[in-house]
Amino acid sequence: MKSEVTPSSDILQSSQEAELATETDTQEDVFNRILKANADSTQHLREGDIVMTKSRSVIGCSDRSCFWPQSSDGIVRVPYVFSPDYDEAQIRWISEAMAEFEILTCIDFVNRTTESDYLNIKSGKGCWSHYGKTGGGQIVSVMKQGCMWKGVIQHELNHALGFLHEQGRSDRDSYVKIMWEYISSGNKGNFKKSNNSNNLGLEYDYSSVMHYSTNAFSNTPGKATIIPIPDASVPVGQRYGLSNLDVAKINKLYNCNRCSTILDSPSGSLSSDNYTSKYSGNGTCFCLIRIPSKRVSLQFDAFSLQSSTDCKTEYVKIYDGVSQSSEVLLDKTCGTKSPPTVTASGRTMLVEFVRGGTGAATGFKISYTSVKTPRTT
């Protein structure tokens, strides 16, 4: 699916469909939240939130032993257990953060049964993780008070999958300038470049959920420690979760065969590949619409898919959330009659497109926007 977005003219206040009281200060990005939560942590952390492993002298490894194994069906299953300390809402919020990995990549977080290597997700002091698979029950700390945001959870899970901070890439000096004069000597090690970083042949991502904030570890209020170059106005870091490049990196590192994209502007459009032309081939693509605030509303501007009994051959299906287990807003739909406008209950909507071979269909074009949440009485 192809997409176009309309940029926001200002910073919008986020709503929080999971109704967690902690999701309030949306103007603060992921890494600043992590540093605040880790201020009182007794864990020895590198780069603010990475636990060093005794068997590794550096953050990284020279082979694929850091990575979780891929099954013969192409899925990378990562077993986990939740601490009993979490309540139902907190488990739901962590699970939703996991669900974005599962729909956009071949990573599948599964409840542990007898696996010897697994993630032990618990409310420790702060937000932190080990780098990659370390063996045994490795802790991912998602503290109940301070870490319960989707972007923070995904940041720590990404470390556990084997990803470092974006500004630690070996080529970072071509994209950002580190302002060493505003970094205390004890924190300068947090800005080291990694000589063994795997950049995967993909471009630098200022909006990665793995990027430091502009003022990370600053010793002078109001002074940035990271400045984008050549354009210092480029936004750095973000608040809402995985970026498209984060997804691309996971899919490339783990050899995922997944067609997926994220749309995260307040409004925009998407269309099937080669829209207006006949297409061929089988496949399934997902588009996650994740807007900053209000509710997602989607309408079909054009629609032409192959007709079949119960739309088994090809179809569009839309979910009210981030996964195929979310409530269905539009069930399998095909043919030439445009479906009705659909509106989500919150900020996220998932579009599934199954393409079923050859035919005379030309595909579809969709536009979406944000609408106000109805007042409750």
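1. Which residue in S8 does Asn-120 stand opposite? Asn-120 faces Ile-139 there. The model is a predicted one. The strands involved are S6, residues 118-122, and S8, residues 137-142. S6 and S8 run parallel and share five bridges.

2. Now the sheet as a whole. It is open and has seven strands. The order is S2-S3-S7-S8-S6-S4-S5, and the pairing is mixed. S2 (45-46) and S5 (107-111) are the edge strands. Each has a single partner strand, so one side of each is left without a neighbour in the sheet.

3. Next, the annotated histidines. UniProt, in an unreviewed entry, carries a "binding site" annotation covering His-155, His-159 and His-165. His-155 sits in helix H3. His-165 belongs to the loop between H3 and S9. Are His-155 and His-165 buried or exposed? His-155 has a relative accessible area of 0%, so it counts as buried. His-165 comes out at 2%, so it is buried too.

4. The contacts of these residues deserve a look. Setting aside sequence neighbours within four places, His-155 is in contact with Val-30, Phe-31, Ile-34, Asp-49, His-165, Val-209 and Met-210. For His-165, not counting residues up to four places away, the list is Phe-31, Glu-47, Asp-49, Ile-50, His-155, His-159, Met-210 and Tyr-212. Phe-31, Asp-49 and Met-210 appear for His-155, and they appear again for His-165.

5. Glu-156 is also in helix H3. Its relative accessible area is 0%, so it is buried. Beyond residues up to four places away in sequence, Glu-156 touches Ile-34, Asp-49, Cys-127, Trp-128, Ser-129, Val-140 and Ser-141. Asp-49 is thus a contact of Glu-156 as well as of His-155. Tyr-131 lies 25 residues from Glu-156 in sequence. The C-alpha atoms of Glu-156 and Tyr-131 are 9.1 Å apart.

6. Arg-169 is worth checking in the viewer. It lies in the loop between helix H3 (150-161) and strand S9 (176-178). Is this arginine buried or exposed? With a relative accessible area of 5%, Arg-169 falls under the 20% cut-off, so it is buried. What does the Arg-169 side chain reach? It reaches the backbone oxygen of Glu-203 at 3.3 Å. A polar atom of the Arg-169 side chain also lies 3.0 Å from the backbone oxygen of Leu-202.

7. Helix H2 covers residues 88-104. Its 17 residues should span 24 Å at 1.5 Å a residue; the end C-alpha atoms are 25 Å apart, so the two values agree. Asp-87 caps the N-terminal end of H2. A side-chain oxygen of Asp-87 lies 3.1 Å from the backbone nitrogen of Ala-89. The buried residues of H2 include Trp-93, Ile-94, Met-98, Phe-101, Ile-103 and Leu-104. Gln-90, Glu-96 and Glu-100 are among the buried ones as well.

8. On to the cores. In soluble globular proteins, nonpolar side chains tend to be buried together. The largest nonpolar core here has 66 residues. Ile-107, Phe-109, Leu-119, Ile-121, Val-142 and Tyr-254 touch the most other members. Which element gives the most to this core? H2 does, with eight residues. Another core, of 27 residues, lies apart from it. Cys-311, Met-349, Ile-366 and Tyr-368 are among its members.

9. Ile-107 shows how parts of the chain meet. Leaving aside neighbours within four places, Ile-107 is in contact with Val-76, Val-78, Phe-101, Glu-102, Leu-161, Ile-250 and Tyr-254. Of these, Phe-101 is a buried residue of H2, and Ile-250 is a buried residue of H4.

10. Helix H4 spans residues 244-253. Why is H4 described as largely enclosed by the rest of the structure? Seven of its ten residues are buried. Polar residues Asp-246, Lys-249 and Asn-251 are among them, alongside Leu-245, Val-247, Ile-250 and Leu-253. The cover over the buried residues of H4 includes H2, S5, H3 and strand S11 (259-263). Just after H4, Asn-255 takes a positive phi of about 55°.

11. Last, a hairpin. S15 (315-320) and S16 (327-333) pair antiparallel over four bridges. Tyr-319 has Val-328 in S16 as its bridge partner. Six residues lie between the two strands. Gly-321, in the turn, has a positive phi of about 155°.

Key
Residues are numbered from 1 along each chain as its sequence is written. This is a predicted model: local features need pLDDT of at least 70, side-chain atom pairs count only at pLDDT 80 or more; totals for chains, interfaces and linings use all residues. Side-chain values use heavy atoms; hydrogens and water are left out. Buried means under 20% relative accessible area, exposed over 50%, partly exposed in between (1.4 Å probe, protein chains only). A polar contact is a pair of N or O atoms within 3.5 Å; within protein, one must be able to donate a hydrogen and the other to accept it, and residues adjacent in sequence count only if both atoms are side-chain atoms. Contact means heavy atoms within 4.5 Å. UniProt positions are given in the numbering used here, feature names are shortened, and annotations may be inferred rather than shown by experiment. The expected span of a helix is 1.5 Å times one less than its number of residues. A nonpolar core is a set of buried Ala, Val, Leu, Ile, Met, Phe, Trp, Tyr and Cys residues joined through side-chain atoms within 4.5 Å. Two strands pair if DSSP finds at least two bridges between them.
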